[in-house]
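Q: Hey, could you walk me through this one? I'm new to reading structures, so plain words please.
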Amino acid sequence: MRIGLLSDTHQPSDRKTLYEEVYDVFADVDLILHGGDIVHHMVLDWLDDIAPVLACRGNNDYGWDDRRMKEVVVLEVEGYKLAMRHDMEPEDRPIDELLRRYWKGEHYDILVTGDTHFERVDFRDGVLQVN
């Protein structure tokens, strides 16, 4: 399964669609995960035209609801347990501490976040951490 991942789109702005790069990069994905700060449901609609979408609510996503958006997203993908939430700052804390603080000590193979606006792809203590 190919998963497209993005976060912090902060739309709408003056744009009437996603950036063309999103359509190009996500052309062959099976699922899209949005790490929050979507701002408007039309972003999820645009993404849903590409592939099914699951999103978590960001700190700029209050005042509206959408069936595709949850506070946190937990799923199993090809045997890997994935957990996504908008914020786990500071993300450089030990993995065990992040799991305790944000996931009630539950172990996940992949942790996905947004919020920082900084790319992160780390493999620490057996956990892939992506922002």
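Q: Where does Gly 4 sit?
A: Gly 4 belongs to strand 1. Keep in mind that this is a predicted model.

Q: Is Gly 4 buried or exposed, and why?
A: Gly 4 is buried, because its relative accessibility is 2% and the cut-off for buried is under 20%.

Q: Which residues does Gly 4 touch, skipping those up to four places away in sequence?
A: With those set aside, Gly 4 touches Phe 26, Val 29, Leu 31, Ile 32 and Leu 33.

Q: And how far is Gly 4 from Gln 129?
A: Along the sequence Gly 4 and Gln 129 are 125 residues apart, and in space their C-alpha atoms are 15 Å apart.

Q: Back to strands. In what order do the four strands of the open sheet come?
A: The order is 1-2-3-4, with parallel pairing. Strand 1 (3-6) and strand 4 (69-70) are the edge strands, and each of them pairs on one side only.

Q: How many bridges link strand 3 and strand 4?
A: Two bridges, in the parallel sense, link strand 3 (residues 53-56) to strand 4. Cys 56 stands opposite Lys 70 of strand 4.

Q: What holds strands together in general?
A: Strands of a sheet pair through backbone hydrogen bonds, and the pairing is either parallel or antiparallel.

Q: Which strands does helix 2 lie across?
A: Helix 2 (residues 41-48) lies across strand 1, strand 2 (31-34) and strand 3. Its angle to strand 3 is about 150 degrees.

Q: What does helix 2 give to the largest nonpolar core?
A: Helix 2 gives four residues, the most of any element. Helix 2 and strand 3 are the elements that give two or more residues to this core.

Q: Which residues of that core touch the most other members?
A: The core has 16 residues, and those touching the most other members are Leu 18, Phe 26, Ile 32, Ile 38, Val 43, Leu 44 and Leu 47.

Q: Let's pick Leu 47. What is in contact with Leu 47, leaving aside neighbours within four places in sequence?
A: Leaving those aside, Leu 47 is in contact with Leu 6, Leu 18, Val 22, Phe 26, Ile 32, His 34 and Val 53.

Q: New topic: which way do the side chains of strand 5 point?
A: They alternate along strand 5 (residues 73-77). Val 73, Leu 75 and Val 77 point to one face and are buried, while Val 74 and Glu 76 point to the other and are not buried. That fits a general pattern: in a regular strand the side chains alternate between the two faces of the sheet.

Q: How do strand 5 and strand 6 pair, parallel or antiparallel?
A: Strand 5 and strand 6 (residues 80-84) pair in the antiparallel sense, over five bridges. At one of the positions, Val 74 has Ala 83 in strand 6 as its bridge partner.

Q: What about the turn of that hairpin?
A: Two residues lie between strand 5 and strand 6, and Glu 78 in the turn has a positive phi of about 50 degrees.

Q: Zooming out, how many helices and strands does the chain have?
A: The chain has three helices and nine strands. Its radius of gyration is 14 Å, close to the 14 Å that the globule rule gives for 131 residues, so the chain is as compact as a globular protein of that length.

Q: Last one: what share of the residues is buried?
A: Buried residues make up 47% of the 131 in the chain.

How values were computed: Residues numbered from 1 in each chain as written. Predicted model: local features only at pLDDT ≥ 70, side-chain atom pairs only at ≥ 80, totals over all residues. Heavy atoms only, no water. Pairing = 2+ DSSP bridges. Contact = heavy atoms within 4.5 Å. Axes fitted to C-alpha atoms, helices over the stretch in contact; angles between N-to-C directions. Buried < 20%, exposed > 50% of the residue type's maximum accessible area, 1.4 Å probe, protein only. Rg over C-alpha atoms; globule rule 2.2 N^0.38 Å. Core = buried A, V, L, I, M, F, W, Y, C linked by side-chain atoms within 4.5 Å.
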